[in-house]
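Subject: Structure handover

Hello,

Here is the structure we spoke about. My notes on it follow below.

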Number of protein chains: 6
Amino acid sequence: MPYVNIKITREGATAAQKAQLIAGVTELLRDVLGKNPATTVVVIDEVETDSWGIGGESITVRRQQGR
Amino acid sequence: MPYVNIKITREGATAAQKAQLIAGVTELLRDVLGKNPATTVVVIDEVETDSWGIGGESITVRRQQGR
Amino acid sequence: MPYVNIKITREGATAAQKAQLIAGVTELLRDVLGKNPATTVVVIDEVETDSWGIGGESITVRRQQGR
Amino acid sequence: MPYVNIKITREGATAAQKAQLIAGVTELLRDVLGKNPATTVVVIDEVETDSWGIGGESITVRRQQGR
Amino acid sequence: MPYVNIKITREGATAAQKAQLIAGVTELLRDVLGKNPATTVVVIDEVETDSWGIGGESITVRRQQGR
Amino acid sequence: MPYVNIKITREGATAAQKAQLIAGVTELLRDVLGKNPATTVVVIDEVETDSWGIGGESITVRRQQGR
C-alpha cells in the first residue's frame with residue numbers, strides 16, 4: 001500500500017531506467033517493511049531544470065556553470 | 001480551504017471530465033465536512049504511463065500485457 | 001490506479017467522515033473516468049491551523065477573527 | 001534542508017521569474033528559520049488551467065468569464 | 001538532487017527501518033541514474049490507518065477484516 | 001491561486017515563524033508573478049528528523065554527529 005513519489009530533473013531518463021526505479025523501490029519496501037508489491041504505487045515526476053532550485057539557483061544555471 | 005491533488009495516468013482525460021472531477025470533489029468536501037467551496041483547491045496531475053508503477057511494473061508494461 | 005491526496009486542517013474530522021471522503025472520491029473516479037476502485041489510493045493529511053495559510057495569514061489567526 | 005513545492009497555473013512564467021521564486025523562497029527560509037541555502041530544494045510545478053480548480057470550477061472556465 | 005517522498009501507514013516502522021529506506025532509495029538513484037547522494041533528499045510520511053484508503057475503504061476497516 | 005507546500009524538519013519552529021513563512025511566500029508570489037494573495041494557499045509540514053534523509057542518512061544521525 002505504500003505510495004512513493006520520485007522527483008528528478010528532466011534530463012533524459014529512459015523508460016528502462018524508470019522501470020528500474022519502479023522495481024527497485026517496490027522491492028525495497030517489501031524487503032524493509034514487508035509491504036505488498038501488488039499495492040505499492042510509484043510515481044516519477046520529471047521537472048524542467050528551470051523549475052528546480054537548490055542553493056538558491058536553478059539547475060539550469062548550475063549546469064551552465066559546470067556544476 | 002482544502003487542497004486536493006488527484007494523480008492519474010495521462011490516457012486522454014478530457015477537459016469536461018476534469019471539470020467533473022473538480023466539481024465532484026469540491027461538492028464532496030462541502031457535504032462531508034462543510035468546507036467552503038470558494039476556497040477549495042483541486043489540482044489534477046496527469047502522469048505518463050512510463051512514469052507510473054504498481055506491482056513493481058510500469059503501467060506501460062501492464063497495458064501491453066492487457067492488464 | 002489513481003492516487004488522491006486530500007489536505008484539510010486538523011479540526012476534528014472523524015473516522016466516519018474520513019471514510020466518507022475515501023468512498024466518495026473513489027466512486028467519483030470510477031464514475032467519471034472508469035478507474036478501478038481496487039487500486040485507487042486516497043491519503044488524507046490533517047494539518048495544524050498554525051501551519052496552513054491563506055491570504056497571507058494562518059488559519060489560527062483567521063479563526064480568532066471569526067473568519 | 002527544507003523542500004518547497006510551488007504549484008502555479010501554466011500561464012507564461014519565465015525562467016527569470018522562476019529564478020526569482022527560487023532565490024526568494026530560499027532566502028526566506030534562511031532569514032526566518034536559519035535554514036542552510038545549500039540544501040534548500042525548490043520545485044516549481046506548472047499546471048494546465050484545465051487541471052486546476054477553485055470554487056468547483058476550472059481556471060479555464062474562470063478566465064473565460066473574466067475572473 | 002532528487003527528492004523522494006515515501007508515504008506509508010503508521011504501523012510501527014522503526015528508526016532503523018526508516019534509515020534503511022533512506023539509504024536504499026539514495027543508493028538506487030545513484031545506481032540507476034547516477035544521482036549524487038549528497039543532494040538526494042528522502043522524506044517519509046507516516047499516515048494514520050483511518051486516513052489511508054484503498055478500494056474505497058480505510059486501512060483501519062481492512063485490518064479489522066483481516067486484510 | 002498558487003499552492004505552496006513547505007516541508008521542514010520538526011525542530012521547534014514557532015507559530016510566529018510559521019506566520020512569517022506564510023506571509024513571506026504569499027508576498028513573493030504577488031511580487032514576482034502578480035498572484036492574488038486572497039487565494040494563495042501555504043501548507044507547512046513538519047517532519048520528524050528520523051523520517052528525513054539527505055546524503056543517504058537521517059537528520060537524526062547527522063545531528064548526533066554535529067552536522
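The notes cover the sheet, the helices on it and the chain symmetry.

This is a predicted model, in which local features need pLDDT of at least 70 and side-chain atom pairs count only at pLDDT 80 or more, while totals for chains, interfaces and linings use all residues. Residues are numbered from 1 along each chain as its sequence is written, chains are lettered from A and ligands numbered from 1 in the order in which they are written, and side-chain values use heavy atoms, with hydrogens and water left out.

Sheet. Eight strands (DSSP runs of E, at least two residues, numbered from the N terminus) form an open sheet with mixed pairing, in the order E4(A)-E3(A)-E2(D)-E1(D)-E1(F)-E2(F)-E3(C)-E4(C). Two strands count as paired if DSSP finds at least two bridges between them. The edges are E4 (57–58) of chain A and E4 (57–58) of chain C; each has a single partner strand, so one side of each lacks a neighbour in the sheet. E3 (residues 52–54) of chain A pairs with E4(A) in the antiparallel sense over 2 bridges, with A:Gly53 opposite A:Ser58.

Helices. H1 (residues 15–33) of chain D lies across E3 and E4 of chain A, E1 (3–9) and E2 (41–47) of chain D, and E1 (3–9) of chain F, at about 140° to E2(D). Helices are DSSP runs of H or I, at least four residues; contact means heavy atoms within 4.5 Å; axes are lines fitted to C-alpha atoms, for helices over the stretch in contact, with angles from 0 to 180 degrees between N-to-C directions. H1 (residues 15–33) of chain F touches E3 (52–54) and E4 of chain C, E1 of chain D, and E1 and E2 (41–47) of chain F, at about 140° to E2(F).

Symmetry. Chain B superposes on chain C (least squares on C-alpha atoms of residues with pLDDT of at least 70 in both) by a rotation of 180° with 0.0 Å of shift along the axis, RMSD 0.0 Å. That is the relation of a two-fold axis.

Regards
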